[in-house]
Amino acid sequence: MRGKHVIANWKMHGGLETNAALLHDVLAGVTGLPEAVGVAVCVPFPYLTQAQALLRGSRVALGAQNLSEHPQGAFTGEVAASMLNDFACRYVLVGHSERRGLYGETNALVAKKFAAALAKNLSPILCVGETLEERDAGRTLDVVSAQIDAVLDHVGIAGFSGALVAYEPVWAIGTGRTATSAQAQEVHASIRARLACADAGVAEKLEILYGGSVKPSNASELFSMKDIDGGLIGGASLHAADFLAICRAAA
Ligand code: PEP
């Protein structure tokens, strides 16, 4: 049986005061959740220290939203995987569509970042997904397969046993438009099938999260699908009550 995860992506939101209040409410609310639901928050880099201190000893894990593909060196403004280790991060988002779309991250670069995370025992959360144009052109499964294959070719199937995948259709992120559970399930199943060609055991155990305007009102339906193992939550993760309701839907 696979576990389920609900992971918050705060994106570039937050402040010391609002973070403290949000984490306080999240910590109070997760106490009743079944242990089978893993909960994590991916915060902006400057707040790792604060979040590490507030989450210490709790069941809410810490994650970052990006990392460098390099281990160290003259890369001004970049953050290495070893630096995330210093703050006890367990997770790191890799290849979020905003990184791909706004900062030109290619499949090849994303694969290197995935490998850099694994090298420092971080669990990469590989984000994949198609644009609306690609969906309308009937290219969804090709685009997502290419995103998966780039990482598979670089790290091998064993790399996926320490990772999670998040299917996030670009047209559903922050738009209020959610993929139907059937649309999401189709892509999740195709990701699992693709990885199963390399190793059925790894593919079966891999948690594949859905992201894209998940809210309390649509979470249960999405999470009831066979291959949807929880969610990556943007906007709704900034409101403790909504985030906790989504966590409960995964239980
Ligand atoms: C995300 O940022 O990964 C995301 C899914 O955002 P939202 O939930 O706001 O669509």
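# Strand S8 and its surroundings

Reader: Which residues point one way from strand S8, and which the other way?
Author: Strand S8 covers residues 230–233, and all of the residues concerned are buried. Buried means under 20% relative accessible area, exposed over 50% and partly exposed in between, with a 1.4 Å probe and protein chains only. Helices (H or I, at least four residues) and strands (E, at least two) are DSSP runs numbered from the N terminus. Pointing one way are Gly230 and Leu232, and pointing the other way are Gly231 and Ile233.

Reader: What pLDDT do local features need in this predicted model?
Author: Residues are numbered from 1 along each chain as its sequence is written, and side-chain values use heavy atoms, leaving out hydrogens and water. The model is predicted: totals for chains, interfaces and linings use all residues, side-chain atom pairs count only at pLDDT 80 or more, and local features need pLDDT of at least 70.

Reader: Which residue in S8 does His5 stand opposite?
Author: Strand S1 (residues 4–9) runs parallel to S8, and four bridges join them. Two strands pair if DSSP finds at least two bridges between them. The residue of S8 opposite His5 is Gly230.

Reader: Through which helix does the chain cross from S7 to S8?
Author: Strand S7 (residues 208–211) also runs parallel to S8, with two bridges between them, and Gly211 has Leu232 as its bridge partner. The β-α-β crossover from S7 to S8 is right-handed, a term for a path from the first strand over the helix to the second that runs clockwise with the strands pointing away from the viewer. The helix in this crossover, residues 216–223, is H10.

Reader: What separates the C-alpha atoms of Ala236 and Asn9?
Author: Ala236 is in the loop between S8 and helix H11 (240–250), and its relative accessible area of 13% makes it buried. It touches Val214, Asp242, Phe243 and Ile246, not counting residues up to four places away in sequence, where contact means heavy atoms within 4.5 Å. Asn9 is 227 residues away along the chain. The C-alpha separation of Ala236 and Asn9 is 9.3 Å.

Reader: Which residues do salt bridges that share partners join into one network?
Author: A salt bridge is a side-chain nitrogen of Lys or Arg within 4 Å of a carboxyl oxygen of Asp or Glu, and the count comes to twelve. Asp227, in the loop between H10 and S8, meets Arg2, in the segment before S1 and 225 residues apart, at 3.9 Å. Asp227 also meets Lys226 at 3.7 Å. Salt bridges with shared partners make one network of Arg2, Arg192, Glu204, Lys226, Asp227 and Asp229.

Reader: Is Asp227 buried or exposed, and what is its relative accessible area?
Author: Its partner Arg2 counts as buried at 17% relative accessibility. Lys226, by contrast, is exposed at 66%. Asp227 is buried, with a relative accessible area of 4%.

Reader: How far apart are the ring centres of Phe114 and Phe160?
Author: Rings of Phe, Tyr and Trp (its six-membered ring) pair if their centres lie within 6.5 Å; planes under 30 degrees apart count as stacked, over 60 as edge-to-face and the rest as tilted. There are two aromatic pairs in the structure. The planes of Phe114 and Phe160 are at 40 degrees, so this pair is tilted, and the ring centres are apart by 5.4 Å.
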